[in-house]
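Biologist: I'm new to this one, so could you walk me through it in plain words? I'll ask, you answer.

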Amino acid sequence: LDANIHPYIVFGNSGGNPSFNPQDKGIKPLSVFAVVCSNQLHYGIWGDTNGGTSTGEASLAMGKLCFPNENLSGDNGHDPKDVMYIAFKGDQAVPGKNGANWKAKSQKEFSDSIKSLGDKLVSSL
């Protein structure tokens, strides 16, 4: 995953007390997440877990979708806890090899490729 192209979520943690492994709840690696931020709905991919006790970070591509006017970078993040992640369980949430444009050259191109799956998952709520 490219942090500048793929809007991915860092969800779960290892080595912390308590630790949280999303797979224990039926969430599959590279599954689609719904992300609510700045009164908008976006979709991302579960791409990583954190060490320690924190969970809920995101790639620069996701951060820039959510907060386009904050000049986010590797040195400047978004600190308020005002983002909601919605995970989906099971294989149906994983776009797989052909269900997403993994070789996208832009964040928009990748996001467009997972939108229909994200919309389908959200409609099931």
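Biologist: How do the residues of the lining of the largest pocket divide into nonpolar, polar and charged?

Modeller: Keep in mind that this is a predicted model. The pocket has a volume of about 580 Å³, and 26 residues line it. Sorted by type, that lining comes to twelve nonpolar, ten polar and four charged.

Biologist: Which residues are the closest to the centre of the largest pocket?

Modeller: The elements that give two or more residues to the lining are β1, β4 (57-58) and α1. As for the centre of the pocket, the closest lining residues are Gly56, Glu57, Ala58, His78 and Tyr85.

Biologist: And which element gives the most to the lining of the largest pocket?

Modeller: The candidates giving two or more residues are β1, β4 and α1. With four residues, the one that gives the most is α1.

Biologist: Let's turn to cysteines. Which two residues form a disulfide?

Modeller: A disulfide is a covalent bond between the sulfur atoms of two cysteines. Searching the whole structure turns up one. Its sulfur atoms sit 2.0 Å apart, within the 2.5 Å cut-off, and the angle about the S-S bond is -75°, a left-handed link. The partners are Cys37 and Cys66.

Biologist: How many residues apart are Cys37 and Cys66?

Modeller: Cys37 is in strand β2 (residues 32-37), while Cys66 is in helix α1 (residues 60-66). That makes the disulfide a link between distant parts of the chain, with a separation of 29 residues.

Biologist: Is Cys66 buried or exposed?

Modeller: The cut-off for buried is under 20% relative accessible area. Its partner Cys37 has 1%, so Cys37 is buried. Cys66 has 5% relative accessibility, so the word for Cys66 is buried.

Biologist: On to the strands. Do β2 and β3 run parallel or antiparallel, and what is the bridge partner of Phe33 in β3?

Modeller: Strand β3 (residues 40-52) is joined to β1 (residues 8-15) by six bridges, and those two run parallel. There, Val10 has Asp48 as its bridge partner. Six bridges also join β2 to β3, but this pair runs antiparallel. In β3, the partner of Phe33 is Gly44.

Biologist: Which residue takes a positive phi in the hairpin of β2 and β3?

Modeller: The hairpin has two residues between its strands. The one with a positive phi, near 50°, is Ser38.

Biologist: Now the charges. Which residue meets Lys28 in a salt bridge?

Modeller: Side chains of opposite charge can pair when their charged atoms come close. Lys28 lies in the loop between β1 and β2 and its partner in the loop between β5 (84-87) and α2 (107-123), so the pair ties together parts 63 residues apart in sequence. Lys28 is partly exposed at 33%, whereas the partner is exposed at 57%. With N to O at 3.6 Å, that partner is Asp91.

Biologist: How many salt bridges does the count come to?

Modeller: Besides Lys28 with Asp91, there is Asp112 with Lys108, whose closest N and O atoms are 2.8 Å apart. Those two are four residues apart in helix α2, so about one helical turn separates them. Asp119 and Lys115 also meet, at 2.6 Å from N to O, and they too lie four residues apart in α2. The count comes to three.

Biologist: Last one: is Lys108 buried or exposed?

Modeller: Exposed means over 50% relative accessible area. Asp112 has 46%, so Asp112 is partly exposed. Lys108 has 53%, so Lys108 is exposed.

Conventions:
Residues are numbered from 1 along each chain as its sequence is written. This is a predicted model: local features need pLDDT of at least 70, side-chain atom pairs count only at pLDDT 80 or more; totals for chains, interfaces and linings use all residues. Side-chain values use heavy atoms; hydrogens and water are left out. Buried means under 20% relative accessible area, exposed over 50%, partly exposed in between (1.4 Å probe, protein chains only). Two strands pair if DSSP finds at least two bridges between them. On a 1 Å grid over the protein atoms alone, a cavity is a set of points where a 1.4 Å probe fits but cannot get out, and a pocket is an open set with protein on both sides within 12 Å along at least five of seven lines; lining residues have an atom within 4 Å of a point. Grid points are joined across faces, edges and corners, and a volume is the space filled by probe spheres set on the points. Ala, Val, Leu, Ile, Met, Phe, Trp, Tyr, Cys and Pro count as nonpolar, Asp, Glu, Lys and Arg as charged, and the others, Gly among them, as polar. A salt bridge is a side-chain nitrogen of Lys or Arg within 4 Å of a carboxyl oxygen of Asp or Glu.
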